[in-house]
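Please open the model in a viewer and keep the selection tool at hand. The tour below proceeds stop by stop, stating what to select and what is found there.

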Amino acid sequence: MNKHEINKIEALIGYEFDEPMLLQQAFIRRSYSQEHGGQNNEVLELFGDVALGNAVIKKLADCYGSFKKNGEFSTRYQEGKLSKLKEKLVESSMLAHRIDTLGLANYLIMGKGDIAKSVQNEESVKEDLFEAIIGAVALDCDWNINTIQDVVETMLDIEYYLENGFSDENNYVDLVQQWLQKVYHQVPLYDFEEYDEGFKCFLRLPDIDEEFSGEGYSKSLARLNAATAAYEYLEENDLLITMRDEIGEPCEEKAVSQLQELAQKGYINFPYYSFEEDHDEDGNPLWTCVCEIDGFDNSYENTCSSKKEAKRASAYEMLLDVLGDYTDEE
């Protein structure tokens, strides 16, 4: 892992390491350490699991709890509701999703066994990575609770999900980040100022003269408001890019590569194909291909005389679905 990669990851998680090797260790799988020696991220996962749980509970207490005049502490929700919220925020699928959103799985350091099995896209591997990063931060900052809290809120974006439900449709922090990475291959850098009532956040984007700002009682809320202002500007000035901008018009001849390109750029999960061979009455081969993508309800099946044609036809129908163009009449 080179200095540029370390700096980019630090910008994504909102923390600069005193010991950068700790951050690198968070990305090292056991398969790599077994082949090359050195430490891996397994112990960091353990530490990160504890630190993450504490940070999420603290956020729930801050959001939904308060002290009464007599000194008692009360919460808006009962224990059962708070437990469900905590479970939802730290479950494997959520942590893996946030790693995908931040693009951090791309930096995993794996041994040949992991590479051969393509574990990079496995949910559990991404969950482990999330926890290991938090563990590395905890050790580097000597378990400073405020520092850990800031990093967890940056990576997990707790406040957005608590206020908007567990959907990313209007998560402008993520949308602005995705736009900036795709167009400029950069990550957004937010500046914060603290004042009596909370925080102010400032964001600048390349080639745009305006400075976008937001306020909030927490850093994460101020950041969300600044990102929202930036996204609205991009939308109003027709600067947003779409999947169609990325690949052009859908083409059956290129459908397999077009789907692959959208997946590589983070718009969709990678498609997977299953095949079955049969024969017609004359003994000629018939290939049936099914194309599926996690996150899409529909799968597409086509039978052709060649495996390649069947894959291409199924990929094309899936591509149309991804782009919102598919109808039963196609």
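Three words describe accessibility throughout: a residue is buried under 20% relative accessible area, exposed over 50%, and partly exposed in between, with a 1.4 Å probe and protein chains only as the setting. The model is predicted, so local features need pLDDT of at least 70 and side-chain atom pairs count only at pLDDT 80 or more, whereas totals for chains, interfaces and linings use all residues. Residues are numbered from 1 along each chain as its sequence is written, and side-chain values use heavy atoms, with hydrogens and water left out.

**The whole chain**

Begin with the full chain in cartoon view. Its secondary structure comes to 15 helices and eight strands; these are DSSP runs numbered from the N terminus, helices being H or I with at least four residues and strands being E with at least two. The C-alpha trace spans about 85 × 50 × 45 Å along its principal axes. Of the 330 residues, 45% count as buried.

Switch to a surface view. The chain exposes about 18000 Å², and carbon and sulfur atoms supply 43% of that area; accessible areas come from the Shrake-Rupley method with a 1.4 Å probe, and for residues only the protein chains shown count as cover. Colouring by charge shows 29 positive and 68 negative side chains, the centres of the two sets lying 4 Å apart. In this count Lys and Arg are positive and Asp and Glu negative, while His and the chain ends are not counted. Each charge is placed at NZ of Lys, CZ of Arg, CG of Asp or CD of Glu.

**The largest pocket**

Next, select Asp100, Ala263, Lys265, Gly266 and Tyr267. About 1400 Å³ of space lies in the largest pocket, and these five are the closest to its centre among the 42 residues that line the pocket. A pocket is an open set of points, on a 1 Å grid over the protein atoms alone, where a 1.4 Å probe fits and protein lies on both sides within 12 Å along at least five of seven lines; lining residues have an atom within 4 Å of a point. Grid points are joined across faces, edges and corners, and the volume is the space filled by probe spheres set on the points.

Which helices each supply at least two residues of the lining? They are H1 (3-13), H6 (92-102), H8 (123-140), H11 (172-184) and H14 (255-264). H6 gives the most, with seven residues.

**Asn269 and Glu246**

Select Asn269, in the loop between H14 and strand E6 (272-279). Its C-alpha is 9.6 Å from that of Asp100, although the two are 169 residues apart in sequence. Asn269 is partly exposed because its relative accessibility is 37%. Residues up to four places away in sequence aside, Asn269 touches Ala263, Ile293 and Asp294, where contact means heavy atoms within 4.5 Å.

Move to Glu246, in helix H13. Is Glu246 buried or exposed? It is buried, because its relative accessible area is 17%. Beyond its neighbours within four places in sequence, Glu246 is in contact with Lys182, Ile241, Glu261, Leu262, Lys265 and Tyr267.

**Gly135 and Cys63**

Select Gly135 in helix H8. This glycine is buried, since its relative accessible area is 0%. Apart from residues up to four places away in sequence, Gly135 touches Leu44, Phe47 and Gly48.

Cys63 is the next selection, in helix H4 (residues 42-64). With residues up to four places away in sequence left out, Cys63 touches Arg76, Leu162 and Tyr217. The C-alpha atoms of Cys63 and Tyr77 are separated by 10 Å.

**Loops with positive phi**

Most residues other than glycine have a negative phi. Two residues to inspect with this in mind are Trp143 and Asp238.

Trp143 lies in the loop between H8 and helix H9 (145-156), with a positive phi of about 60°. Trp143 is partly exposed, with a relative accessible area of 40%. Asp238 lies in the loop between helix H12 (219-236) and helix H13 (243-247), and its phi is near 55°. Asp238 is exposed, because its relative accessible area is 68%.

**Last stop: Gly71**

Finish at Gly71, in the loop between strand E1 (65-67) and strand E2 (73-75). Gly71 counts as partly exposed at 48% relative accessibility. Draw a distance to Met243: the C-alpha atoms are 54 Å apart, and the residues are 172 apart in sequence.
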